[in-house]
Amino acid sequence: MYRIASASEYLVITGVGITDIKLAKKAWVLPGQSCTRFDISPVNYTFEVQAMSSEKLPFILPAVFTIGPRATDDQSLVKYAKLISPHDKLSHHVKELVQGVIEGETRVLAASMTMEEVFKGTKNFKQEVFEKVQLELDQFGLLIYNANIKQLVDIPGHEYFSYLGQKTQMEAANQARIDVAEAKKKGEIGSKSREGETLQNAAAIDAETKIIAVQRNGEARKEQFKVNAEVSIFENERNAEVAKTNAELATKKAGWTRDAQVAEVEAEKAVKLREAALQKDVEILNALTQTEKLKAEYLSKATVEYETKVQEANWELYQQQKLAEAELYKKQKEAEAQKALAEAAFYTRQQEADAELYAKKKEAEGITALAQAQGTYVKTLLQSLNGDYASLRDYMMINNGMFQDIAKINAGAIKGLNPKISVWTTGGGGAQLQGSGDRVVGGSAGAAMSEIASVYKTLPPLFTTVQEQTGMVPPPWLGTINK
């Protein structure tokens, strides 16, 4: 039977006369041979790969791969015919095979990169995924015709990309607010400056036209002082603006939002200050114009000199005022610095006090625990001795070495002594016992021992007295008290 495959198909012939398999677009199928068809058109596979970057940040990588047999390579077609063609291209088996290869290579590659590298280098990341997946698919005779990696997506509970976008938006918004405030400030200051310059020029022209030639010398001197004063005023204003700019730069570090508000307030205050300064200059020029008009008509050279000295005095007063303002500003900054140092010292002392309080609490807890343990120890001993307080006392005295300590103290008290003990008996014989030689002088040894026995007879009343006054009883090995 003669078989013909369509444009996107191949015939796979096996059986009699064929060693392995035979691929053809058209062929005779003889008896004893089998013929099947397989389609080589590519198929789209859509996946959402869950991967994790080198910083342990999870994310979802949506991707669409267009995969099909490598039609230009006969060896790849043979692999595909043997391994994949028995299954439908859209079957669950083929999809799991392709998905496993793509997910495995994508996760390995993502684990070697940071989140920033994955996000900024999407093109390079796509190319590397494409190359590594293609190497694995070659063993199945498959070819990646196209790979499209979509926008990276956050996993619920790990909103990295969402927070990154919010950060970028907030930075752009804050910068825009600052730029608007700066532009508004420059526009208003420039407008008021031009208006003031116009008024100043008009007033100067009016003054010049009304001044007569007779007063040129006095006017020249006055203008010189005036120019010097204006130059000094301009320099002070520039210095003040530089200082204010430095202060603004320092405040910007505290936050973009506060900088925008400060810029708006400064713009408003600067406009008002500039308006006041320009208005003052206009009023001064108007007053000077009227003064010059009057001087041209009525005053003499002496009056001009008097006005010159007045201007000099005003200039010195202005300098002193500016110096005082600068000193005040310096004092304010020093006070703020001292306040900050005081707050830091207070915080340090507070932390030290908290640490000391914590140590005292732990020490008290240790003492309490030790007392509880000792109480439990004594209670256990007392229970073991069937509630016999005397036995407990004797045990603790022996266990703590009290009798040894008493013996040592007594031995130390009589150390170095050479006592002489005289024992008198009622039998009329006197005996003297020398402590160094232990010899008996006079009398008999039996009489001396009888005296010792009589002394020993006094011990029971002594023990009874001690027991009644102190509650202590002698140990059993020494003696007992009859009750």
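Biologist: Is Gln 139 buried, partly exposed or exposed?

Modeller: Bear in mind that this is a predicted model. Gln 139 sits in the loop between α4 (122-137) and β8 (142-149). Partly exposed covers the range between under 20% and over 50%. With a relative accessible area of 44%, Gln 139 is therefore partly exposed.

Biologist: Okay, what separates the C-alpha atoms of Gln 139 and Tyr 80?

Modeller: Along the chain, Gln 139 and Tyr 80 are 59 residues apart. In space, their C-alpha atoms are separated by 8.8 Å.

Biologist: Tyr 80 has a ring, so to the aromatics: how is the pair of Phe 38 and Tyr 80 classed, stacked, tilted or edge-to-face?

Modeller: The count of aromatic pairs comes to four. For Phe 38 and Tyr 80, the centres are 5.5 Å apart and the planes make an angle of 55°. Stacked needs under 30 degrees and edge-to-face over 60, with the rest counted as tilted. At 55°, the Phe 38 and Tyr 80 pair is therefore tilted.

Biologist: Which elements hold Phe 38 and Tyr 80?

Modeller: This pair links distant parts of the chain, 42 residues apart. Both residues, Phe 38 and Tyr 80, are buried. Phe 38 belongs to strand β5, and Tyr 80 to helix α1 (residues 74-83).

Biologist: And which residues form one aromatic cluster with Tyr 80?

Modeller: Phe 38 is one member, as the tilted partner of Tyr 80. The cluster as a whole is Tyr 10, Phe 38 and Tyr 80.

Biologist: On to the strands: how many bridges join β2 to β5?

Modeller: β2 covers residues 9-15 and β5 covers residues 33-39, and the two run antiparallel. One of the partnerships puts Val 12 with Thr 36 of β5. The number of bridges joining β2 to β5 is seven.

Biologist: What stands opposite Leu 11 in β3?

Modeller: β2 is also joined to β3 (residues 22-24), by three bridges, and these strands run antiparallel. The hairpin of β2 and β3 has six residues between the strands, with Gly 17 at a positive phi near 80°. Opposite Leu 11 in β3 is Ala 24.

Biologist: Which side chain meets Glu 9 in a salt bridge?

Modeller: The structure holds ten salt bridges. The one at Glu 9 has an N to O distance of 3.4 Å and links strand β2 to strand β5, 28 residues apart. Glu 9 is partly exposed at 21%, and its partner, partly exposed at 41%, is Arg 37.

Biologist: Which helices does the Glu 237 and Arg 274 salt bridge tie together?

Modeller: Those side chains meet at 3.9 Å, N to O. Glu 237 is partly exposed at 30% relative accessibility, and Arg 274 is partly exposed at 26%. The pair ties together parts 37 residues apart in sequence, because Glu 237 lies in α6 (residues 216-252) and Arg 274 in α7 (residues 256-297).

Biologist: Are Arg 393 and Asp 394 buried or exposed?

Modeller: Their side chains meet in a salt bridge at 3.2 Å, N to O. Buried means under 20% relative accessible area. Arg 393 has 13% and Asp 394 has 17%, so both residues of α9 are buried.

Biologist: Last one: what is phi of Asn 386 near?

Modeller: Asn 386 is in the loop between α8 (301-384) and α9 (389-399). With a relative accessible area of 72%, Asn 386 is exposed. Its phi is positive, in a residue other than glycine, and is near 60°.

Notes: Residues are numbered from 1 along each chain as its sequence is written. This is a predicted model: local features need pLDDT of at least 70, side-chain atom pairs count only at pLDDT 80 or more; totals for chains, interfaces and linings use all residues. Side-chain values use heavy atoms; hydrogens and water are left out. Helices (H or I, at least four residues) and strands (E, at least two) are DSSP runs, numbered from the N terminus. Buried means under 20% relative accessible area, exposed over 50%, partly exposed in between (1.4 Å probe, protein chains only). Two strands pair if DSSP finds at least two bridges between them. Rings of Phe, Tyr and Trp (its six-membered ring) pair if their centres lie within 6.5 Å; planes under 30 degrees apart count as stacked, over 60 as edge-to-face and the rest as tilted. A salt bridge is a side-chain nitrogen of Lys or Arg within 4 Å of a carboxyl oxygen of Asp or Glu.
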